[in-house]
Amino acid sequence: MTKRHGYALLAALTAVVLVISAVIYLGVSGGYDGSSSTVSAGPRHPQNSAAPASTGTWSGSWSASPAGGEPGTETFGLAGRSVRNIVHTSIGGTSARITFSNLYGQQPLSITHASVAVAAAPDSPTASPGTLRRLTFGGNTSVVIPPGAQTVTDAVRMSVPHDADMLVTSYSPTPSGPVTYHPQARQTSYVAQGDRTEDAGGLAYTEQTPYWRYVTALDVLSNESYGTVVVIGDSLTDGVTSTLDANHRWTDVLAGRLRDETGAARYGVVNQGISGNRILSDGLGRPANNPSGLSRFDRDVLGRSGVKAVVIALGINDILRNPHQTDPDKIVEGLRELTRQAHTRGLHVVGATLMPFQGHRGAEPRLDGVRQAVNAQIRSGKVFDEFVDFDKALRDPYNPRRLLPSYDSGDHLHPNDAGFRRMADTFNLAALRGSTPAEL
């Protein structure tokens, strides 16, 4: 080979290397890099990144139990309207996924568009700039949920703050009732006419609602959480007398303690309270409105994302509501069964004593005797792995059959905001990490 031919070959090889390098560069810089891509800054075109995120633990940041079919929606559901639920996070994360439920629907629920965003301000239907994300279902923008079923969206990459309001919006164009809802939200949500799921602004959301509709869970991929504490309870956990739109339920305060206190287990907290809920008895209908703690435990507790510990605060409605359950052993056996079910999943269980109700319209001395008998067995240590003594913390020391007036909302059964804070402050946070099972 002559020297001239050698130089020509070297030049050709150099050109090939440059071409390959350019292709590689363009492929890397122009292809998907795992981050969200902005389609447009306009309100109708949200960022959309449904790619799975890389690291962290999927944990529950918020949840609400479906409690029944919304009255008045049996025929048409919410056809032609956008429902913008406001939900409050307990922990933050780098990705989110949403659960939508048609548990109480008698027709398929068609969701053609859905979105999630960080609220621009507390209790506002307006999204914080740049946070609105389109939700997808198996890669599609629409989904049909059969009656009695639920669906979980694809993971969407976004920054989810802790202790913040999120907007979860869905649009259904066709009749699909009854609407699956949670009636005692203690949170104002919003409705708009037409498909406004991708509106970052809130001007179209002129109708307010005190319910959560369709949405039952917000999970986050979190580097700050080890998992989830699931609290199953009744109206005392639902927070029915807490200040509206203030997130002053006792579970909200507990979530703040787990986030902020040194040495606390970094768990998300999800509230599975249903007002009027009992351990042993379902409500009416099929599926049952207000299903019993025993019948919903698998769905509402064991089925939650990343569950590590369970708190059980049930029993007062078994005693107070007709027909009264006056055999304390039956109530306690129901509580033990919930503990056994949790143990099959290796979960630690903390149970709560039952608080007093003297002065409440349904109170009777014999019913208070049942309550005290249940509490005596809880305190024996043979019902739960650990117990939190709400009764001792909130009762009047001069009359232990009633709530301390400074903690009483006025109905002599439900606490006020100070009482809910006292409940959360009573918790020994170390109990949520315990490992010694109860001797049932």
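This report describes some strands, one helix and several unusual backbone sites in a predicted model.

We begin with strand β11, which covers residues 165–172 and is mostly covered, since 8 of its 8 residues are buried. In a regular strand the side chains point alternately to one face of the sheet and to the other. In β11, D165, L167, T169 and Y171 lie on one side while M166, V168, S170 and S172 lie on the other, and both of these sets are buried. Strand β3, made of residues 81–88, pairs with β11 in the antiparallel sense over 8 bridges, and within this pairing N85 stands opposite V168. Strand β6, residues 113–118, also pairs with β11 in the antiparallel sense, here over 6 bridges, and the bridge partner of A114 in β11 is S170.

A further sheet is open and consists of 3 strands in the order β2-β12-β15, with antiparallel pairing. Its edge strands are β2 (68–69) and β15 (212–213), each of which pairs on one side only. Strand β2 is joined by 2 bridges to β12, residues 180–182, and the partner of G68 in β12 is Y181.

Turning to the helix, α6 runs over residues 328–343 and has 16 residues, and the 23 Å from its first C-alpha to its last is close to the 22 Å expected at 1.5 Å a residue. At the N-terminal end of α6, D327 acts as a cap, with a side-chain oxygen 2.9 Å from the backbone nitrogen of D329. Among the buried residues of α6 are I331, V332, L335 and L338, and the buried residues of this helix pack against α4 (293–302), β19 (307–313), α5 (316–320), β20 (348–352) and α7 (365–379).

The remaining sites concern the backbone. Most residues other than glycine have a negative phi, and most peptide bonds are trans. The table lists the sites that depart from this pattern.

| Site | Backbone feature | Loop |
|---|---|---|
| G177 and P178 | cis, omega about -10 degrees | P178: between β11 and β12 |
| N322 to P323 | cis, omega near -10 degrees | P323: between α5 and α6 |
| D123 | phi near 65 degrees | between β6 and β7 (133–134) |
| Y214 | phi about 70 degrees | between β15 and β16 (215–222) |

Are D123 and Y214 buried or partly exposed? D123 has a relative accessible area of 21% and therefore counts as partly exposed, because buried means under 20%. Y214, with a relative accessible area of 3%, is buried.

Technical notes
Residues numbered from 1 in each chain as written. Predicted model: local features only at pLDDT ≥ 70, side-chain atom pairs only at ≥ 80, totals over all residues. Heavy atoms only, no water. Pairing = 2+ DSSP bridges. Helix = DSSP H or I, 4+ residues; strand = E, 2+ residues; numbered from the N terminus. Buried < 20%, exposed > 50% of the residue type's maximum accessible area, 1.4 Å probe, protein only. Expected span 1.5 Å × (residues − 1). Contact = heavy atoms within 4.5 Å. Polar contact = N/O pair within 3.5 Å; in protein donor to acceptor, adjacent residues only side chain to side chain.
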